[in-house]
Amino acid sequence: MDKVIISPSIMTADFLNLGQEIKKVEDSKAPWLHLDVMDGTFVPNISFGPKVISDIRRGCSLFLDVHLMVEKPDHLIKAFAEAGSDSLTVHIEAGPDIVGTLKLIKSFGIQCGVSIKPATPVSDIEPLLDLVDQVLVMSVEPGFGGQSFMPASIDKVRELASLKRGRSYIISIDGGIGLANIDVLKQAGVDAVVTGSSFFNSDDRSAFVNRMSSR
Ligand code: DX5
Ligand code: ZN
């Protein structure tokens, strides 16, 4: 089985020294960088937009895994794709037409993902599983880093693993993930994990990434 893809989130990084923080991710050998975009409407917090992503793109060769926590995201897809995102993940709860949004993302030649909040069942996205490259299970209420992991999300990973049946979507999980819960997520069938505070608070980030990614 392939290693688990580790996608450190910069949500808990020091934005005054963002370049150095991203260098920490590169040095750790994590292959992805998770970028949380928040609009203050879909979630009660605001983070950053396409300008920050295009600046990151200029200095970083990591796979840019962009998580859009944005209401009705269609009008923003072009800007985020052209900023250099490798993947754009949108929420099924964000409206208005998830299939249209996913097709719009794919029209820019990049990967697309769909995410579900803790209260949304996997059955709501079942019809989309042939369309997406990634399914992102939220294991906290989206909006802030540093929250506690919600164990009910483990069953969603299991369900998505059993629904794969030859399909190639990546099962990702986001929120409150670290050494304390990685093993059960691996057993459940996770392919990628987002990790914010556990990554940045770790003393030895390379060892952390190694331990998190090994099967
Ligand atoms: C939550 C974000 C997450 C989060 C991850 O809305 O989508 O990516 O910041 O950070 P930790 O690992 O601290 O929960
Ligand atoms: Zn995220």
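**Exercises: the sheet and the zinc site**

In this predicted model, 8 strands make an open, parallel sheet ordered β1-β8-β7-β6-β5-β4-β3-β2. Strands are DSSP runs of E with at least two residues, helices runs of H or I with at least four, both numbered from the N terminus; two strands pair if DSSP finds at least two bridges between them. Residues are numbered from 1 along each chain as its sequence is written, chains are lettered from A and ligands numbered from 1 in the order written. Local features need pLDDT of at least 70, side-chain atom pairs count only at pLDDT 80 or more, and totals for chains, interfaces and linings use all residues; side-chain values use heavy atoms, without hydrogens and water.

**Exercise 1.** Find the edge strands of the sheet.

*Solution.* Look for strands that pair on one side only. These are β1 (5-8) and β2 (32-38).

**Exercise 2.** Describe how β7 is joined to β8.

*Solution.* Residues 170-174 form β7 and residues 192-195 form β8. The two run parallel, with 3 bridges between them. In one of these, Ser172 has Ala192 of β8 as its partner.

**Exercise 3.** Work out the coordination of the zinc ion (ligand 2).

*Solution.* Donors are N, O and S atoms within 2.8 Å of the metal (3.2 Å for Na, K and Ca); water is not among the atoms, so sites may look incomplete. His34 (NE2), Asp36 (OD), His67 (ND1) and Asp174 (OD) coordinate the zinc ion at 2.0 to 2.3 Å. Their spacing in sequence is H-x1-D-x30-H-x106-D.

**Exercise 4.** Are His34 and Asp36 buried or exposed?

*Solution.* Buried means under 20% relative accessible area, exposed over 50%, partly exposed in between (1.4 Å probe, protein chains only). His34 has 0%, so it is buried. Asp36 has 5%, so it is buried.
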